[in-house]
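Student: I'd like a close look at the charged side chains in this one. Could you walk me through how they pair up, and then show me what else sits around them?

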Amino acid sequence: MASLPATSALPTTRPPHVNFTLGGMPRRRMVVVRAEGGEAINPAIRKSEDKVVDSVVVADLAKPLTPYCRCWRSATFPLCDGSHVKHNKATGDNVGPLLLKKQ
């Protein structure tokens, strides 16, 4: 049986979090580490398409369309701000947003 590392070997700091509210309830989210620039994020998925965009229909959404970032470069992450366009031109990648559509 494998033994657990000594207590001194365990990290002493917790990952950074941001506080926000969702539906009036306080929530915490881990801070996102963004991918480094200059490299493709999508090395193999549907590379024959100009831009990979998926849509999901959801009944309980506040807005008729909500785009979520999948390039990790959005200044409004987790929401898409169109940063994938610049990323795709610079790297030849084809990543695009995940679109949640209200049913």
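Tutor: Let's start with the salt bridges and then move on to a pocket, a ring pair and a helix. Keep in mind that this is a predicted model, so everything here is computed from it.

Searching the whole structure turns up 4 salt bridges. A good place to begin is Arg-46, whose side chain meets that of Glu-49 in a salt bridge, with N to O at 3.0 Å. Arg-46 also forms a salt bridge with Asp-54, and there the closest N and O atoms are 3.0 Å apart. So where does that leave us? With a network: Arg-46, Glu-49, Asp-54 and Arg-70 are linked by salt bridges.

How open to the outside are these residues? Arg-46 has 32% relative accessibility, so it counts as partly exposed. Glu-49 is partly exposed too, with a relative accessible area of 32%. For Asp-54 the value is 25%, so Asp-54 is also partly exposed.

Now take the salt bridge between Asp-93 and Lys-47, where the N to O distance is 3.2 Å. This pair ties together distant parts of the chain, as the two residues are 46 residues apart. Asp-93 belongs to the loop between helix H1 (83-91) and strand E5 (95-102), while Lys-47 is in the loop between strand E2 (25-30) and strand E3 (52-58). The partners also sit in unlike surroundings: Asp-93 is buried because its relative accessible area is 5%, under the 20% cut-off. Lys-47, at 37% relative accessibility, counts as partly exposed.

Next, have a look at the largest pocket, which has a volume of about 200 Å³. Its lining is made up of Asp-60, Leu-61, Ala-62, Lys-63, Thr-66, Tyr-68, Pro-78 and Leu-79. Sort those residues by type and you get 5 nonpolar, 1 polar and 2 charged. Asp-60 is worth a pause: you'll find it in the loop between E3 and strand E4 (65-68). With 71% relative accessibility, Asp-60 counts as exposed. Trace the chain from Asp-60 to Lys-101 and they are 41 residues apart in sequence, yet their C-alpha atoms are 9.6 Å apart in space.

On to the rings. The structure holds 1 aromatic pair. Its members are Trp-72 and Phe-77: the ring centres are 5.1 Å apart and the planes meet at 20 degrees, so the pair is stacked. Both can be checked for exposure as well. Trp-72, at 33% relative accessibility, is partly exposed, and Phe-77, at 22%, is partly exposed too.

Last stop: helix H1. Its buried residues are Ser-83, His-84, His-87 and Asn-88. Look down the axis of H1 and those buried residues fall within an arc of 130 degrees, so they line one face of the helix. Why does that kind of spacing work? An α-helix has 3.6 residues a turn, so residues three or four places apart point the same way. On the other side of H1 you'll see Lys-86, Lys-89 and Ala-90, which are exposed.

If you want something to trace on the screen, start at Arg-46 and follow the salt-bridge network through Glu-49, Asp-54 and Arg-70. Then go over to Asp-93 and Lys-47, and watch how that salt bridge joins one loop to another.

Conventions
Residues numbered from 1 in each chain as written. Predicted model: local features only at pLDDT ≥ 70, side-chain atom pairs only at ≥ 80, totals over all residues. Heavy atoms only, no water. Buried < 20%, exposed > 50% of the residue type's maximum accessible area, 1.4 Å probe, protein only. Helix = DSSP H or I, 4+ residues; strand = E, 2+ residues; numbered from the N terminus. 1 Å grid on protein atoms, 1.4 Å probe; cavity = no way out; pocket = protein on both sides within 12 Å on 5 of 7 lines; lining within 4 Å. Points joined across faces, edges and corners; volume = space filled by probe spheres on them. Nonpolar A, V, L, I, M, F, W, Y, C, P; charged D, E, K, R; others polar. Phe/Tyr/Trp six-rings, centres within 6.5 Å; stacked < 30°, edge-to-face > 60°. Arc of directions from axis to C-beta.
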